[in-house]
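Please look over the sequence and the structure shown here, and then read the points that follow with both in view.

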Amino acid sequence: MRGAMIYAPGDIRFETREDPKILHPTDAVIRTAVTCVCGSDLWPYRGLEPTDEPHPMGHEYVGFVEEVGSEVTAVKPGQFVIGSFATSDNTCANCQNGFQSSCLHREFMSTCQADYVRIPNAQGTLVATDGTPGEELWPGLLAVSDVMGTGWWAADAAQVQPGSTAVVVGDGAVGLCAVIAAKEMGAERIIAMSRHASRQKLAREFGATHIVAERGDEGVAQIKELTGGIGADSVLECVGTDESMRQALHAARPGGSVGFVGVPHGVAVDGQELFFSHVALRGGPAPVRRYLPDLIERVQTGRIDPGKVFDLTLPLGDVAEGYRAMDERRAIKTLLKP
């Protein structure tokens, strides 16, 4: 088969790789329907995470089951399935508590920008649809496997409530999906922090009621002005930098909540400042598997359309251009078709 490999910062290659095989009785192999480039893939692409040796890339996927191990009964060959970037048995204590991304047998997916993918823990990870969805739904269902599930977790962790005010820090695919989540959870005011016209437009389409273009202290001041000087009930941090975390914590009101889902890079939280702020802080890798059935239904019924975050579609063989376009902010998110 063919798939993407990273050799060094800025060096993505599409090359022949070994076909995936069933290694454990809990595995499945799927044929990729569509896959994509994630904003978090840009960390190693930009050299902000080390690449010690060439390795495959990609952790978002939907596809058709090709083969299953002997212990996999939940899905069968031919079915269209959606999974998560973090695999889970969905039976351990952490899974039962709703944190499948901390499953005791968790494996993170990292080979999905390819024609075929091995899925560990397939029994607990994969969810099959009723029949094969129309191809027009594939982008939305692909978004559910990570960015929509992560945006939902941001809103859940930030305790968005009906009638509340929510602020979304970050206008990438996760941040835009977090706007969808905040709206679905009933937020009355949704303030999207964005400096890019195309992303501002999509944020408003998804449900944002206000746009704040300023960052840092100026951005926080704008949030305070919009909230009577107090701050927001919920802040959804969807970037992962020290600046974005500080902005999120300072934009929340005393007693408010911050949900942080951007993979932290260089983030340092001042414990004493957090103590006196009375702000609740929760985050981590999204337990996407918890939300899959609900989000799949919302996409299939047309209630939400997170697939709109894909504003560039390329053949899988052009994956390197997909990375370049996102790195240069010419695209929000690149959809890849095998």
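In this predicted model, the residues Val288, Arg289, Tyr291, Leu292, Leu295, Ile296, Arg298 and Val299 of helix α11 are buried. The points below begin with that helix and go on to strands, the nonpolar core and salt bridges.

**Helix α11**
- The elements that cover the buried residues of α11 include β6 (80–82), α3 (122–125), β8 (127–128), α4 (138–144), α5 (147–157) and α6 (173–184).
- Helix α11 has 13 residues (288–300), which at 1.5 Å a residue should span 18 Å, and the 17 Å between its end C-alpha atoms agrees with this.
- The helix bends by about 35° at Asp294, and just after α11 the residue Gly302 takes a positive phi of about 80°.

**Strands and pairing**
- In a regular strand, the side chains alternate between the two faces of the sheet.
- Strand β7 (residues 116–119) shows such alternation, with Val117 and Ile119 buried on one face, while Tyr116 and Arg118 point to the other face and are not buried.
- Strands β3 (residues 28–36) and β7 run antiparallel and are joined by 4 bridges, with Ile30 standing opposite Val117.
- An open sheet of 3 strands, paired antiparallel, has the order β2-β1-β4, and its edge strands, β2 (11–16) and β4 (55–56), each pair on one side only.
- Within that sheet, 6 bridges join β1 (residues 2–8) to β2, and Ala8 of β1 stands opposite Asp11 in β2.

**The nonpolar core**
- The largest nonpolar core has 58 residues, of which Val62, Phe80, Met148, Leu236 and Cys238 touch the most other members, and the largest share of this core, 9 residues, comes from α6.
- Phe80 touches residues that include Ala33, Val62, Phe64, Val127, Trp138 and Leu141, where residues up to four places away in sequence are not counted.

**Salt bridges**
- Side chains of opposite charge can pair when their charged atoms come close, and a search of the whole structure finds 18 salt bridges.
- Asp27 and Arg118 meet in a salt bridge (2.9 Å, N to O); because Asp27 lies in the loop between β2 and β3 and Arg118 in strand β7, the pair ties together parts that are 91 residues apart in sequence.
- Lys333 and Glu60 also meet in a salt bridge (3.0 Å, N to O), and this pair links parts of the chain that are 273 residues apart.
- Both of these partners are buried, Lys333 at 1% relative accessibility and Glu60 with a relative accessible area of 0%.
- Asp171 forms a salt bridge with Arg329, their closest N and O atoms being 3.3 Å apart; Asp171 counts as buried at 9% relative accessibility, whereas Arg329 is partly exposed at 41%.
- Salt bridges that share partners also join Glu184, Asp294, Arg298 and Arg303 into one network.

Methods
Residues are numbered from 1 along each chain as its sequence is written. This is a predicted model: local features need pLDDT of at least 70, side-chain atom pairs count only at pLDDT 80 or more; totals for chains, interfaces and linings use all residues. Side-chain values use heavy atoms; hydrogens and water are left out. Helices (H or I, at least four residues) and strands (E, at least two) are DSSP runs, numbered from the N terminus. The expected span of a helix is 1.5 Å times one less than its number of residues. The bend at a residue is the angle between axes fitted to the seven residues ending there and the seven starting there. Buried means under 20% relative accessible area, exposed over 50%, partly exposed in between (1.4 Å probe, protein chains only). Contact means heavy atoms within 4.5 Å. Two strands pair if DSSP finds at least two bridges between them. A nonpolar core is a set of buried Ala, Val, Leu, Ile, Met, Phe, Trp, Tyr and Cys residues joined through side-chain atoms within 4.5 Å. A salt bridge is a side-chain nitrogen of Lys or Arg within 4 Å of a carboxyl oxygen of Asp or Glu.
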